[in-house]
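Colleague: Please take one part of this model and go through it closely, then set it against the rest of the chain. I would like one connected account that I can follow with the structure open.

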Amino acid sequence: MIEVRDLVKKYGPQKAVDGVSFDVARGELFGLLGPNGAGKTTTIGVLSTLLRADGGQVRIGGHDVATAPSAVRRLIGVVPQEIALYTDLNARDNLVFWGRLHGLGGAALNRRVEELLVLADLADQARRRVETFSGGMMRRLNLVAGLIHQPEVLFLDEPTVGIDAQARSRILELIADLGRQGLTVIYTTHYLEEAEQLCDRIGVIDRGRLVALGDKESLIGQIGDVDLIRLAIPADRHEAFTAACLGWEGCVGVGERRGRIEVRARDGGQLLPHIQAWLEAGGVPLEQLEVERPNLETLYLNLTGRGLREEAP
Ligand SMILES: Nc1ncnc2c1ncn2[C@@H]1O[C@H](COP(=O)(O)OP(=O)(O)OP(=O)(O)O)[C@@H](O)[C@H]1O
Ligand SMILES: [Mg+2]
């Protein structure tokens, strides 16, 4: 349904998207996961014909976004990162407005608006001005507005930012439902748990490049069966610890992040007694120790050297 080949988009000399390629099958929920500034919104902008690429090719439903943008626009719905609603209008009138923009009218539009109000669980709030809505209600209305013309593909750009956990899980349920009904979805987020919970396949984007692509299991498989041990010890012992640790069997690597030591180990349980003994022998106080099994977060750290919530430099 979606084919992206070597996509490049520049802002001045800076490449915001730098050679990205991926495919999304019909009916698939594809997650584009990356930190702030990674290039998610820019990618969505090109795919949805709002921005023109500087290189590469994008086809949606077989139509090239550069040469057949109107055919593409008929197939797609876009839910922007910034809420695009008229807050002095009520919920219903916002949907009617979007419908008219798409050339809908009359009874068909009214029917569609009622359907979407039900879908967003806003049927009994339809006459309320949007400015009185909670963040979660606005996000739900913003989302269904992108569905008014019954698109086959939906682009969702961080649709859960700035809302509480309960509102977020309602949005995720709504999207999962749409996926089950056969809609093709591209979903951008910097919340790892969301991509993990919702998406069939995930692309991890960092500084304009796809650093990983695949289903969840195969992505975790890429880092192999490596545990991550984090420990906090006084800074003046880091060097000695690192040297000792690299000599222990099963140690794959040692690094430092945010003042803590991070040890990658083939089997965390095998390495822990060595660590314990070393600390005791040297009388080194241990402030904190955690062992983490491989997950998408450790994959992401391995790939980018940064946590998902850290800013791109
Ligand atoms: N209109 C613009 N002009 C210049 N630079 C831009 C513009 N829009 C985005 N950028 C830059 O391009 C890069 C990618 O930005 P983009 O908005 O696509 O990232 P993002 O992954 O959507 O981030 P966020 O999670 O913060 O929404 C960033 O470095 C950003 O500063
Ligand atoms: Mg963005």
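**Strand β11 and its setting**

Modeller: In this predicted model, residue I229 finds its bridge partner in strand β14, and that partner is V291. The pairing belongs to a longer contact, since strand β11 and strand β14 (residues 288–292) are joined by five bridges and run in the antiparallel sense. Strand β11, which covers residues 227–232, also pairs with strand β13 (residues 260–265), again antiparallel and again over five bridges. Within that second pairing, R230 is matched with E262 of β13. β11 is thus a strand with two partners, β13 and β14.

To place this strand in the whole, it helps to look at the division of the protein into domain 1, residues 2–221, and domain 2, residues 225–293. The C-alpha centres of the two domains are 42 Å apart.

The nonpolar interior can be followed next. The largest nonpolar core has 63 residues, and the members that touch the most others are L141, F155, V185 and Y187. Helix α5 (residues 135–145) is the element that contributes most to this core, with six residues. A second core, separate from that one, consists of twelve residues, among them I229, F241, I261 and A265. I229 therefore has two roles to keep in mind, as the bridge partner of V291 in β14 and as a member of the second core, by the 7 Å C-beta cut-off that joins core members. In the largest core, Y187 can be examined residue by residue: leaving aside residues up to four places away in sequence, Y187 touches L29, F30, G31, L32, L156, I175, L198 and C199.

For contrast, turn to the surroundings of ligand 1, which consist of Y11, A16, G34, N36, G37, A38, G39, K40, T41, T42, Q81 and H190. By class, three of these residues are nonpolar, eight are polar and one is charged. Helix α1 supplies three residues to this shell, the most of any element. The helix spans residues 40–47 and is largely enclosed by the rest of the structure, because seven of its eight residues are buried. Those buried residues are K40, T42, T43, I44, G45, V46 and L47, and two of them, K40 and T42, are also found around ligand 1. Just after α1, T49 adopts a positive phi of about 70°.

Conventions
Residues are numbered from 1 along each chain as its sequence is written. Chains are lettered from A and ligands numbered from 1 in the order in which they are written. This is a predicted model: local features need pLDDT of at least 70, side-chain atom pairs count only at pLDDT 80 or more; totals for chains, interfaces and linings use all residues. A residue is buried if 20 or more other C-beta atoms lie within 10 Å of its own, exposed if 12 or fewer, and partly exposed in between; C-beta atoms are placed from the backbone. Helices (H or I, at least four residues) and strands (E, at least two) are DSSP runs, numbered from the N terminus. Domain bounds come from an automatic or database domain assignment. A residue is near a molecule or strand if its C-beta atom, placed from the backbone, lies within 6 Å of it. Ala, Val, Leu, Ile, Met, Phe, Trp, Tyr, Cys and Pro count as nonpolar, Asp, Glu, Lys and Arg as charged, and the others, Gly among them, as polar. Two residues are in contact if their C-beta atoms, placed from the backbone, lie within 7 Å. Two strands pair if DSSP finds at least two bridges between them.
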